[in-house]
Every structure is written in C-alpha cells, then in structure tokens.
Number of protein chains: 2
Amino acid sequence: MVGIAKLFIEIDGLTTMKMKPKSLGRINTKVLTPEEIEDIKYMRAAYAQAKKAYMLGEVPIGCVIVYEGKIIGRGYNRRNTDKTALAHAEITAIKRATRVIKDWRLEECKLYVTLEPCQMCAGAIVQARIPEVIMAAENPKAGCAGSVMDILNNPEFNHQVQVKKGVLKEECSALLKDFFVELRARNKAEKEQKGTL
Amino acid sequence: MVGIAKLFIEIDGLTTMKMKPKSLGRINTKVLTPEEIEDIKYMRAAYAQAKKAYMLGEVPIGCVIVYEGKIIGRGYNRRNTDKTALAHAEITAIKRATRVIKDWRLEECKLYVTLEPCQMCAGAIVQARIPEVIMAAENPKAGCAGSVMDILNNPEFNHQVQVKKGVLKEECSALLKDFFVELRARNKAEKEQKGTL
C-alpha cells in the first residue's frame, strides 16, 4: 500500500484533473467532461471498497452500483473471509442494489468495478440487466468483458452491456500489484521459516 | 402439471428402469448402471426443487449439490419472489453447500440441475471449482454449457467442468413446457379481460 496515496487523483474545482503517475513523476493537467468527473468519483468509491478487501488480505477488488446519482450498492471481495465463491464484489453490490430497487432488474443502474469481471459476475450483470459497466483494470487471464470471453456483449443473449474501460486504471492496478507482491513475499517467508524448522 | 406423474420413471429393484415416454406410449426397459441410478435419484431431487418453483409461479428450475453421496445444497428459482436476479437454483444450492463444506471450493461435489445453466450460474460453478455437472434439459437460447457459450469448458480458465446431459430430460422439459403453456394462457386471459373492461 506504500505510495498509493501519492497516486491518487485530485479534482481541481470540477473541470481539471491533476495526476502524478508513478512512472512519469510530473504533473499532467487535462480538462475533464462532467461524465469523466462522475466516473472518477464513483470509481474512487469502488477503490475504497477494494481497499477494504486489501485490509482483510483478500484480492483487492471493489464495486459500487449507482442509481440516479446515488450509490445504492457497495461490495468488495470477501471470498476467503466468508468462505464462499459467491462473495465477489459485484455479487454483493448487486444483492444490495436489488434490495433498494426492490426488483431483480437493475435497468437504470451503472456498475463501477476496479477489475474486469469474472465469468460469474459478468453473468450476474447480464442477468440483472445492468445497462452500463465502468471498469478500471483489465484482467487478461480471467476477465469476461472481452479478455477471455465477452459475456457482457454476446448478441445471442437477451441483454447487452455498454462497457467503459480504464477509469482509474493505474490506481486500481497498483493496489492489485502491491497485494500480489506482498502475498508472494509472505508466502516466500513462510516457506523459508518452515525450511529452517 | 397434468400428466407429469405418469412420466416419472420407476426404479425396479436397483437394476432396471421402466419409463413410458409420452410420444411412444409403450414401456421400455433398460438395464442401468449404478452411476445412472444415482444420477436419476439426484435428478429427481432436483426435479422436486423445480416443482417448488413451479408452485410459486416461477420458471421451474431446480438444483441439488451432492457430496459423498449426500445432498448438501438444494435450490430452486425464486427470481420474482425474492426480487433478485441472484435467486437462481444453482446459486442458492452453491450458497448452501459452501456453508456445509465451510470452504469456497466445492472440489468434491456434483451439481445436478434440471436445465442447462445460464451465464451467471455456469460462472459460479467454475468459480466454486465444482468438478462435475449433470443436467437434464438443454437451453438452446441461453444455456452456457455449450448451447450459446461454453463457460464450463473454456481451456483458458483455471477450471474445467465435466458435463453430462440428458438425465431425466423428458420430465424436466415437460415441467418447463407446462409452465410456459400455462403462462401464455394466463397472459392471454388477462389481456382479453383488460380488453373487455
């Protein structure tokens, strides 16, 4: 987690964004559209959920669902903690959002998630008829919004999803990267300790 | 539901099956393997779950999960009743089975379901690492065990599922067919009643 705070974007008023990517070390200023500002705002909320997973030692993935400008469902990965494969960020957020909407159809909602959904979560998004998904990082090994499969946009299904990729990609990817670096270090240390016993 | 009872198979001792398919109107006798007998037994349990959905006016789909010869998770479709797209038969059965196994991995379980899983449920089966799925009817319009997509057997995922199709296919299909015939009749009657008001 060290250094993540430095990577965070700052919204200057409501029209510009200043960010300092790790790799460049300089300030970039770009004029943002109201939609981009909104996307960043909600992806930050999804990132905050991902941090909760991180703090539990879970793969840091977070999700929020937005309806009429309000977050109505939040979720983060708790697979090991809750001991169920169903405890993915998106599934929890969908469960909570449906309680608010009181309908299985989330037809006027947007879903923000820090990592490209897996096959189960992409399927749940289609089943819940969510029209739009905004995601941060792609998942080349298991993502189902185009990486391995495209479950969100199969013309044979009765619902297709509009997808936007790359919002807060650097921050969300960095959190995942930090997690796996620490996990590998922890596993290595455990192995070495066992070897000396 | 009229006539469904007549379609049900009868296990004669533990070695033969007698069934009377609607279309043929005659008795067929076939020697069954112990595995086939077991599959029929558990699919009947899944069918019993599907009937619960039917009684609620839900699309009749049922599921059971078996571990060491014992049913440890049951589920049936309650999407409209519970007002959530997550209330599919397989998801409920997985949720219950993981509570028994106390692990997100259901690596030594078999899942029996009366209809080919949708994209969400097929995804959940892969996520829960279930090694074997036995299904009754196929779903050419939305099934994700080969009909529209093959989520259960994508070599790029880290888990593949062994699939058996057609167990108690006639009975499970008949239940679905009856449901949709009745649903259309109900919708038609409602429409006509509105027209006369």
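Copies here are superposed by least squares on the C-alpha atoms of residues with pLDDT of at least 70 in both. This is a predicted model, where local features need pLDDT of at least 70, side-chain atom pairs count only at pLDDT 80 or more, and totals for chains, interfaces and linings use all residues. Residues are numbered from 1 along each chain as its sequence is written, while chains are lettered from A and ligands numbered from 1 in the order in which they are written.

**View 1. Chain A turns onto chain B.** Spin chain A by 180°, with 0.0 Å of shift along the axis, and it lands on chain B with an RMSD of 0.0 Å. That's how a two-fold axis relates two copies. Which residue of chain A comes closest to the rotation axis? It's A:Met120, whose C-alpha sits at 2.3 Å.

**View 2. Where the two chains touch.** Here 28 residues of chain A are in contact with 28 residues of chain B (contact means that C-beta atoms, placed from the backbone, lie within 7 Å). On the chain A side, helix H4 (89-101) and helix H5 (119-127) each supply at least two residues; helices (H or I, at least four residues) and strands (E, at least two) are DSSP runs, numbered from the N terminus. H5(A) gives the most, with seven residues. Sorted by class, that side of chain A has 16 nonpolar, six polar and six charged residues (Ala, Val, Leu, Ile, Met, Phe, Trp, Tyr, Cys and Pro count as nonpolar, Asp, Glu, Lys and Arg as charged, and the others, Gly among them, as polar).

**View 3. Strand S7 of chain B and its neighbours.** Five of the six residues of S7(B) (residues 132-137) are buried, so the strand is largely enclosed by the rest of the structure. Buried means 20 or more other C-beta atoms within 10 Å of a residue's own, with C-beta atoms placed from the backbone. S7(B) pairs in the parallel sense with S6(B) (residues 109-115) over five bridges; strands pair if DSSP finds at least two bridges between them. B:Leu115 has B:Ala137 as its bridge partner. Strand S8(B) (residues 162-164) also runs parallel to S7(B), joined by three bridges, and B:Glu132 stands opposite B:Gln162.

**View 4. Helix H2 of chain B.** The 22 residues of H2(B) (residues 34-55) should span 32 Å at 1.5 Å a residue (1.5 Å times one less than the number of residues), and the end C-alpha atoms are indeed 32 Å apart. Buried residues here include B:Tyr42, B:Met43 and B:Tyr47. Just after the helix, B:Gly57 takes a positive phi of about 80°.

Technical notes:
A residue is buried if 20 or more other C-beta atoms lie within 10 Å of its own, exposed if 12 or fewer, and partly exposed in between; C-beta atoms are placed from the backbone. Two residues are in contact if their C-beta atoms, placed from the backbone, lie within 7 Å.
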